[in-house]
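Biologist: Please take one loop and look at it closely, then show how the rest of the chain is arranged around it. Keep it plain.

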Amino acid sequence: FYRSAVKDFEEALRNSDLVICNSHYLSNVTYDYYKVKCEVLRPFVSEDIYKIEIKGNYITFVNPDIHKGVKIFEKIAEKMPDKKFLVAGKEGYKFDKKNVEIIGWIKDMKEVYEKTRLLIVPSIWPDTCPRVCIEVMQSGIPFIVSNRGGLTEEAEECGVVINDIYNIEEWTDAIKKFDNNEFYEKMSKNAKFKAIEFELKRQLSKFNLLLKNLFKNKA
């Protein structure tokens, strides 16, 4: 079944007039595997929804699942008992540490981001372009990410990338960097500037242009 599905997927890609990926990473993978060129279009995230005033000092982790690096997160929290961590997403997740607050699924992520000073994304699988990074950069919240998938693109200039993702000390050292207010303010400012690249209006304009060119060539 898997081989058949992959074959059908490859055939569909090769016969498509337009293929869109949400990151340069995924675009490169698609070309490497299928020799199909893709346009890069970022996820549609409205900046008006997630622009908030940062009030809290939590280090936030979203979606505590294995592929999202929950085991790495737990080791980080254990290693830094003096830091306050916030976990959002996935009902039923339990981690009995005094410095970790778990709130489960939440409808309005603004409530989470208002409490967040720093975001960590310790994914162990190749996340192509996580929305959570785009959402927090709107408010100037910097982040630390694993060297996986398209995360490095999102973190460029406004975050720290962890190369040896199973090295907990590398994570804790990166977190400590943001204790320096000058460094934090610099990365926060960079995050807001980086958010311009991912603006909804910019992405919709590009999408509209891609469709116009597609139908123009088909006329």
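Modeller: Glu157 sits in the loop between helix H7 (151–155) and strand E8 (159–162); helices (H or I, at least four residues) and strands (E, at least two) are DSSP runs, numbered from the N terminus. This is a predicted model, in which local features need pLDDT of at least 70, side-chain atom pairs count only at pLDDT 80 or more, and totals for chains, interfaces and linings use all residues. Residues are numbered from 1 along each chain as its sequence is written, and side-chain values use heavy atoms, with hydrogens and water left out.

Most residues other than glycine have a negative phi. Glu157 is not a glycine, yet its phi is positive, near 75 degrees. Its relative accessibility is 57%, so Glu157 counts as exposed (over 50% relative accessible area; buried is under 20%, partly exposed in between, with a 1.4 Å probe and protein chains only).

Lys35 also has a positive phi without being a glycine, here about 55 degrees. Its loop runs between helix H2 (24–34) and strand E2 (39–40). With a relative accessible area of 53%, Lys35 is exposed.

As for the rest of the chain, the protein has ten helices and eight strands. One helix pair is H4 (residues 70–79) with H8 (residues 168–177), whose axes come within 10 Å and cross at roughly 60 degrees. The axes are lines fitted to C-alpha atoms, for helices over the stretch in contact, and angles run from 0 to 180 degrees between N-to-C directions. That crossing makes H4 oblique to H8: under 35 degrees would be roughly parallel, over 145 roughly antiparallel, 65 to 115 roughly perpendicular, and the rest is oblique.

In this contact (heavy atoms within 4.5 Å), H4 contributes Ile72, Lys75, Ile76 and Lys79, and H8 contributes Ile168, Trp171, Thr172 and Ile175. By class these are five nonpolar, one polar and two charged residues; Ala, Val, Leu, Ile, Met, Phe, Trp, Tyr, Cys and Pro count as nonpolar, Asp, Glu, Lys and Arg as charged, and the others, Gly among them, as polar.

Of the 219 residues of the protein, 44% count as buried. Among contacts between residues at least 6 apart in sequence, 60% join residues at least 24 apart. The C-alpha trace spans about 60 × 40 × 30 Å along its principal axes.
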